[in-house]
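Colleague: I am new to this structure. Could you take me through some of the terms used for it?

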Amino acid sequence: MAEGSFNPFKMAQQQFDAIAENIGLDEATRALLRNPEREYHFNIPIRMDDGSYKVFRGFRCQHNDARGPSKGGIRFHPQETIDTVRALSMWMTWKTAVVDIPLGGGKGGVICDPHNLSMREQEALCRGWVRQIARNIGPLQDVPAPDVMTTGQHMLWMLDEYEKITGIKAPGLITGKPLGMGGSLGRTEATGYGAIYTLREALKDLNIDTKNTTASFQGFGNVSQYAIKLYQEYGGKAICVSSWDNKDQKSYSFKKSDGIDLEQLLSITNRFGEIDKDAAKEMGYEVLPGNEWINQEVDILVPAAMENQINAETVINIKDTVKFIVEGANGPTTPEADKIIAEKGIWMIPDFLANAGGVTCSYFEQVQCNLNYFWTKEEVLEKLDKKMTDAYHAVADLSKSRKVYMRDAAYMISVSRVAEACKMRGWV
Ligand code: NAD
């Protein structure tokens, strides 16, 4: 999913190098953590509905498993690249460490466009992916999950194929499963809600009442929809969202100055999180160019679509009213933009902290599968809130006491925890 010359892995390594220098990490640990421990690249041949055969390219990267089994999603995307998967697997290592759950970092992907695949073809792709990697994943090895354009249904096909191959029931193999099939209540809400729990704490710290704030969101998929829901429940006003339009092959922003109606927008949104622009116009939304979401005079920006969205070119469009950025997406901000955001004094809640709710709930899903006993949604969300709140305060306290940028503080905590685990195991 890299755009143009943007390389997310280079960015992830650049962020890591700066922190390694900052905390004085030794050379061997740096070398160990700069690259994934293991990566797999493979072909997935599929018989298409018209009888022809097509070969897709699949990946899995296991960045680090010193603190527990690798953990991370599988993306289906036409512009997927191995470097995107590498970067995301590295960010997963930092994410599981910052919320202090006993898991490592992994990520997978397939270069494909689910828009152009029937459900049968997608099932074949899921089963083919598992056949190529079954020996190298497992409940105690590496645990995949849904990500961009993959769902609980995809996870269940993958689990089913794995159980056929191994001959055992292994619900802990994969998370994000449908409810009643080993899934956890609260998983759908977890990432978006988790981001807003951290925002709630940040607003409290600055004595700002959520009811007096406005926000603009990039993306209208799983993360953004639930982030908007909870933000609105807390009394905030979301005035702008953007989404991709597959027909026009570009994005649009949808604005309503007196606040968007979430339910109404959901009724004109497809399963890929794409808002119907004609229907939105009829409902009274201003339909603006895709990059307008960032130009809004709001207190809070929530990039929740994809990487490289707040970069050297776009960061200059951020209005002086913006006090918080909550990164729902992975890697939405480049290091060049980070510098300017830090100078402007905007309070950044970085991706691997802000969007860690998903993996935290996935961890809860594993725990429940292992216990074979499932919690109520209230129990799950209460535990999630506690984890996110504690993680937020640990990072914010370090950021304030050491006077470092929030992303750096989060990295310092994560990298130190992972480096310590590698050392205690005698790896470096
Ligand atoms: P999704 O597929 O449900 O939604 C993605 C949304 O982004 C859609 O509304 C799509 O239209 C929009 N979009 C795509 N390209 C766009 C563009 N150029 N401009 C504007 N909008 C665009 O995905 P999601 O699960 O909501 O994930 C969003 C981001 O959050 C990704 O970076 C993902 O890796 C990250 N994330 C997701 C989870 C999770 O649990 N879902 C967890 C952690 C991180």
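Modeller: Start with two helices, in what is a predicted model. Helix H4 (residues 119-133) and helix H5 (residues 152-166) cross at roughly 45°, and their axes come within 8 Å.

Colleague: Why is H4 called oblique to H5?

Modeller: Angles under 35 degrees count as roughly parallel, and 65 to 115 as roughly perpendicular. The crossing of H4 and H5 is at roughly 45°. That value falls in neither range, so H4 is oblique to H5. The crossing is right-handed.

Colleague: Which residues of H4 and H5 make the contact?

Modeller: On H4 they include Met 119, Gln 122, Cys 126, Trp 129 and Val 130. On H5, among them are His 154, Trp 157, Met 158, Glu 161 and Ile 165.

Colleague: What makes H12 oblique to H13?

Modeller: Helix H12 (residues 357-371) and helix H13 (residues 377-402) pack at about 130°, with their axes 10 Å apart. Roughly perpendicular ends at 115 degrees, and roughly antiparallel needs over 145. The angle lies between those limits, so H12 is oblique to H13. Their crossing is right-handed. Gly 357, Thr 360, Cys 361, Phe 364 and Gln 368 in H12 meet Val 380, Lys 383, Leu 384, Lys 387 and Met 388 in H13.

Colleague: How do you know that the span of H6 agrees with its number of residues?

Modeller: Helix H6 (residues 187-205) has 19 residues. At 1.5 Å a residue, they should span 27 Å. The end C-alpha atoms are 27 Å apart, so the two values agree. H6 does bend, by about 35° at Tyr 193.

Colleague: Why is H6 called largely enclosed?

Modeller: Buried means under 20% relative accessible area. In H6, 16 of the 19 residues are buried, so the rest of the structure largely encloses this helix. Just after H6, Asn 207 takes a positive phi of about 60°.

Colleague: What makes a positive phi worth a remark?

Modeller: Most residues other than glycine have a negative phi. Met 149 has a phi near 65°. Met 149 sits in the loop between strand E5 (142-146) and H5. Gln 249 has a phi near 55°. Gln 249 lies in the loop between strand E7 (237-245) and strand E8 (250-255).

Colleague: Are Met 149 and Gln 249 buried, partly exposed or exposed?

Modeller: Exposed means over 50%. Gln 249 has a relative accessible area of 51%, so Gln 249 is exposed. For Met 149 the value is 21%. That is above the 20% limit for buried but not over 50%, so Met 149 is partly exposed.

Conventions. Residues numbered from 1 in each chain as written. Predicted model: local features only at pLDDT ≥ 70, side-chain atom pairs only at ≥ 80, totals over all residues. Heavy atoms only, no water. Helix = DSSP H or I, 4+ residues; strand = E, 2+ residues; numbered from the N terminus. Expected span 1.5 Å × (residues − 1). Bend = angle between axes of the 7 residues up to and from the residue. Buried < 20%, exposed > 50% of the residue type's maximum accessible area, 1.4 Å probe, protein only. Axes fitted to C-alpha atoms, helices over the stretch in contact; angles between N-to-C directions. Left-handed = near helix turned anticlockwise from the far one by under 90°. Contact = heavy atoms within 4.5 Å.
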